[in-house]
Amino acid sequence: MPDPSIRQRRVSDTIAQQLGVILQQRSRDPRLEGLVITGVRVSKDLSQATVFVSSMTDLEQGEALDALRHSAAFLRTELADRVRLRFVPQLTFQWDDTYDQANRIENLLDEVARDLRDSGGE
């Protein structure tokens, strides 16, 4: 996949920032509390945006994605009021499991360190 253009990056950053604000300030759906926008990828023609989300809490992935899909029209309307674009892209949502993977790696490293300490291997 080719690198995004400067315009694509600028639009992606703006959408990510504004969606974060909207979710924090305007969303009334408790299933969306604790969600973090980790990134946005827009299509070359800026008509589609894939929003990557994660949670720092134990929020259920499927439930959160369902809530986001249900709220997509609201989020898009809010974006239209906040960003200066001729057309606001259609939003699709994808779970970003980077935090989950980092936690798994950290737990494995902690376990190895405990095993080394317990066996006197330090």
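Two strands are said to pair if DSSP finds at least two bridges between them. In this predicted model, strand β1 (residues 35–42) and strand β2 (residues 48–55) pair in the antiparallel sense over seven bridges. The structure also holds four salt bridges, and its largest pocket encloses about 290 Å³ of space. The points below take up the hairpin, the salt bridges, a long-helix check, the pocket and selected residues.

**The hairpin of β1 and β2**

- Five residues lie between the strands of the β1 and β2 hairpin, where L46 takes a positive phi near 65 degrees.
- Across the strand pair, G39 has F52 in β2 as its bridge partner.
- S47 belongs to the loop between β1 and β2.
- With a relative accessibility of 30%, S47 counts as partly exposed, because that class lies between the buried limit of under 20% and the exposed limit of over 50%.
- When residues up to four places away in sequence are not counted, S47 touches P89 and Q90.
- The C-alpha atoms of S47 and T14 are separated by 15 Å, and these two residues are 33 residues apart along the chain.

**Salt bridges**

- Side chains of opposite charge can pair when their charged atoms come close.
- R31 forms a salt bridge with D29, in which the closest N and O atoms are 2.8 Å apart.
- Of these partners, R31 counts as partly exposed at 27% relative accessibility, whereas D29 is buried with a relative accessible area of 16%.
- R69 forms a salt bridge with D66, with the closest N and O atoms 3.4 Å apart.
- Both R69 and D66 lie in helix α2 (residues 61–70), three residues apart, which is about one turn of the helix.
- R69 is partly exposed, with a relative accessible area of 48%, and D66 also counts as partly exposed, at 45% relative accessibility.
- A further salt bridge joins the side chains of R82 and E78, at 3.7 Å from N to O.
- R82 and E78 are four residues apart in helix α3 (residues 72–82), so about one helical turn separates them.
- An α-helix has 3.6 residues a turn, so residues three or four places apart point the same way.
- R82 counts as partly exposed at 31% relative accessibility, whereas E78 counts as buried at 11%.
- R26, E78 and R82 are joined into one network by salt bridges that share partners.

**Helix α4 and the residue after it**

- Which span should the 22 residues of helix α4 (residues 98–119) have at 1.5 Å a residue?
- The expected span of helix α4 is 32 Å, and its end C-alpha atoms are 32 Å apart, which agrees.
- The expected value follows from a simple rule, because the span is taken as 1.5 Å times one less than the number of residues.
- Just after α4, G120 takes a positive phi of about 75 degrees.

**The largest pocket**

- The space in the largest pocket comes to about 290 Å³.
- The largest pocket is lined by 14 residues, of which P2, D3, P4, Q8 and V42 are the closest to its centre.
- Two elements, α1 (6–25) and β1, give two or more residues to the lining of the largest pocket.
- Four residues of the lining come from α1, which is the largest share.

**S12 in helix α1**

- S12 is found in helix α1.
- Is S12 buried or exposed?
- S12 counts as buried, at 7% relative accessibility.
- Leaving aside neighbours within four places in sequence, S12 is in contact with V40, R41 and V42.
- One of these contacts, V42, is also listed among the residues closest to the centre of the largest pocket.

**L59 in the loop between β2 and α2**

- L59 is found in the loop between β2 and α2.
- Apart from neighbours within four places in sequence, L59 is in contact with R31, E33, L35, A64 and W95.
- R31, one of the contacts of L59, is also the salt-bridge partner of D29.
- L59 and L32 are 27 residues apart along the chain, and their C-alpha atoms are separated by 8.6 Å.

Technical notes. Residues are numbered from 1 along each chain as its sequence is written. This is a predicted model: local features need pLDDT of at least 70, side-chain atom pairs count only at pLDDT 80 or more; totals for chains, interfaces and linings use all residues. Side-chain values use heavy atoms; hydrogens and water are left out. Buried means under 20% relative accessible area, exposed over 50%, partly exposed in between (1.4 Å probe, protein chains only). Contact means heavy atoms within 4.5 Å. On a 1 Å grid over the protein atoms alone, a cavity is a set of points where a 1.4 Å probe fits but cannot get out, and a pocket is an open set with protein on both sides within 12 Å along at least five of seven lines; lining residues have an atom within 4 Å of a point. Grid points are joined across faces, edges and corners, and a volume is the space filled by probe spheres set on the points.
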